[in-house]
Each structure stands twice: as C-alpha cells, then as structure tokens.
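Let's take a walk through this one together. Have the structure open and turn it as we go.

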Amino acid sequence: MDRKGGGKRRTGEDALQKGAHHDAWGAEGTFLLQTPEKRELNQYWYSPHTIATLVKEIEEHAKKAAFLSTPSVFFSLKDPGLKSGSCIFDVDTQWESLPNFVKWNFNQPQHIDESYHHVFDYIVIDPPFVTPEVWIKYAEAARLLLRDDGKIILSTILENAELLKQILHVEPQLFDPSIPHLVYQYAFFTNYKPTYLSSPNPEISMD
Ligand SMILES: C[S@@+](CC[C@H](N)C(=O)[O-])C[C@H]1O[C@@H](n2cnc3c(N)ncnc32)[C@H](O)[C@@H]1O
C-alpha cells in the first residue's frame, strides 16, 4: 500500500525548484541535490525550509538523536557533536558505508542491536506508510531506542492523531511539513512543547 490519507491540500509544489523559503541552501540543499527520491521505497523528502526548521528544532532539544526513516534531516544536521552521536535507521543501504547508518527494516522493529536500546534522547520519524499497523511497528522501535524522558517528533496525516496520542503520546503542532512531491498534506506531532513549530509554515497555503 502506498502512502494515503486525507487532510489539507499541500501547496508549495515547486519550493525546491524556485528556492522558495530557503534558509540559504545549507546542508539540506546538498542532500536534496545529491539524493534522488526512490519511489520503490516511498522516499519523499521534506522541502529545504521544512528541513532547516526541523534541524533548528532538533538542535535546540537533542543531544543524541535517532532518525527513523528521515535521512534528509539527519544529513542536514549542522551541529557536529549532535551529528556524530546520532544515527540514521533506514532500509536504503546507499548510506551503509557511514558509521552512523543502521540498516533497519520497520517490519522487524525489534531487530535493533542492544547497544542502541534506550540511549537516544530524541527521535524523528517519517514512515513510508500511514497505516496503523505500520505506526504500531515504528512506535515499538521508538520505545526501544528512546530514554524514559525522550522527545519525539514525527510526521503523518492528521487522521492518525488519536492513534498516535495513544501509542506515542504526541499532539499535532501548528507548523506543517512541506513535502513537495507528496500529494497529501501531513502534520508534525510532538510529545513536548516545541520551540520552532508553534506557528504555521509559510510554505503551506490554507486555501
Ligand atoms: C516518506 S520517506 C520519509 C523521508 C523524510 N520525509 C525525509 O525527508 O527524510 C520514507 C522513508 O522510509 C524509508 N523506508 C522505506 N521502506 C522502509 C522499511 N521497510 N524500513 C525502514 N525504512 C524504510 C525510505 O528509505 C525513506 O527514507
């Protein structure tokens, strides 16, 4: 099943091409230019401004972060200490030569080496699907990776709000992601009061 869902209409289709709302083409631009999306893996990268906002948010709150299926954000981190202590968990082996890459398939959420259990204080999640079965697996992995007081940020359709409140105690935030090649509008959810996600994303039109 492909990513499906309702919600607000996504706009900012051409944010990437036009450079709209860029934060001066930093590391996020480098990742986006060098990494084509693979449709067979449901890869849909956030826009440059969305990535830059996430990076600010994560760098404000995290000391050691796990990025589950969110490579554009991991590779756009600016803080060298945070980046070297953090890990990207994904099924796409194009990054397997890097020390921070952990090959991981969400269908085996518990197949995560014990050395990664409960060591992260922050987790970032954007699965390739929006179904409850898939979210339950990602939540299982998140509980394994996070410390007790760990912070969570994730994106999916707003219709998953009730489920996500139950399984990960997260709430939708005002700042929505721009994902230029994805048809449906997503929302960001967190389990804490965020610093940079409390006002609407100027990339998203509400009409
Ligand atoms: C919709 S994309 C999310 C990307 C995110 N928006 C970003 O900008 O980094 C889904 C991600 O899930 C990964 N993925 C696909 N199948 C997976 C699987 N079976 N297990 C773990 N990750 C998977 C893809 O490689 C991709 O990074």
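Start at T70, which touches V124, I125 and D126 once residues up to four places away in sequence are set aside. You'll find T70 in the loop between strand 1 and helix 4. Is T70 buried or exposed? T70 has 27 C-beta neighbours inside 10 Å, so it counts as buried. Another link from here is to F89: the two are 19 residues apart in sequence, and their C-alpha atoms are 8.0 Å apart in space. Keep in mind that you're looking at a predicted model.

S69 sits in that loop between strand 1 and helix 4 too. Check its backbone: phi of S69 is near 55 degrees, a positive value in a residue other than glycine. S69 has 22 C-beta neighbours inside 10 Å, and therefore counts as buried. H118 also has phi near 55 degrees, again positive without being glycine. H118 belongs to the loop between strand 3 and strand 4. With 13 C-beta neighbours inside 10 Å, H118 counts as partly exposed.

S69 brings us to the ligand. Which residues are closest to the ligand? They are S69, S72, V91, D126 and P128, out of 20 that surround it. D126 is a residue you've met already, as one of the contacts of T70. By type, the shell around the ligand splits into ten nonpolar, seven polar and three charged residues. Helix 4, residues 71-74, supplies the largest share of that shell, with three residues.

Now zoom out to the whole fold. The protein has seven helices and seven strands. Going along the sequence, the pattern reads α-α-α-β-α-α-β-β-β-α-β-α-β-β. The chain has 207 residues, and 39% of them count as buried. If you like contact maps, try this: among contacts between residues at least 6 apart in sequence, 65% join residues at least 24 apart.

The seven strands form an open sheet in the order 3-2-1-4-5-7-6, with mixed pairing. Strand 3 (101-103) and strand 6 (171-172) each have a single partner strand, so one side of each is left without a neighbour in the sheet. As a reminder, strands of a sheet pair through backbone hydrogen bonds, either parallel or antiparallel.

Let's step through some of those pairings. Strand 2 pairs with strand 3 in the parallel sense over three bridges, and F89 has V102 in strand 3 as its bridge partner. Strand 1 and strand 2 are likewise parallel, over three bridges, with A66 standing opposite C87 in strand 2. Strand 1 (residues 65-68) also runs parallel to strand 4 (residues 120-125), joined by four bridges. In that pairing, F67 stands opposite V124 in strand 4. Helix 3 (residues 48-61) packs on the sheet, where it touches strand 1, strand 4 and strand 5 (146-156). The direction of helix 3 makes about 165 degrees with that of strand 4.

Strand 2 deserves a second look from the side. Which way do its residues point? C87 and F89 point one way from strand 2 (residues 87-90), while I88 and D90 point the other way, and all are buried.

Several of these names come back in the largest nonpolar core. Of its 46 residues, A65, A66, F67, L68, I123, V124 and A142 touch the most other members. Helix 6 (residues 132-145) gives the most to this core, with six residues. For a closer view, take A65: leaving out residues up to four places away in sequence, A65 touches I58, L82, S86, F120, Y122, I123 and V124.

Finish with helix 6 itself, where W135 is found. Why does W135 count as buried? The reason is its 22 C-beta neighbours inside 10 Å, given a threshold of 20 or more. Leaving aside neighbours within four places in sequence, W135 is in contact with P127, N160, L163, L164 and I167. Of these, I167 is 32 residues from W135 in sequence, with 8.7 Å between their C-alpha atoms.

Methods: Residues numbered from 1 in each chain as written. Predicted model: local features only at pLDDT ≥ 70, side-chain atom pairs only at ≥ 80, totals over all residues. Core = buried A, V, L, I, M, F, W, Y, C linked by C-beta atoms within 7 Å. Buried ≥ 20, exposed ≤ 12 C-beta atoms within 10 Å, placed from the backbone. Helix = DSSP H or I, 4+ residues; strand = E, 2+ residues; numbered from the N terminus. Contact = placed C-beta atoms within 7 Å. Near = placed C-beta within 6 Å. Nonpolar A, V, L, I, M, F, W, Y, C, P; charged D, E, K, R; others polar. Pairing = 2+ DSSP bridges. Axes fitted to C-alpha atoms, helices over the stretch in contact; angles between N-to-C directions.
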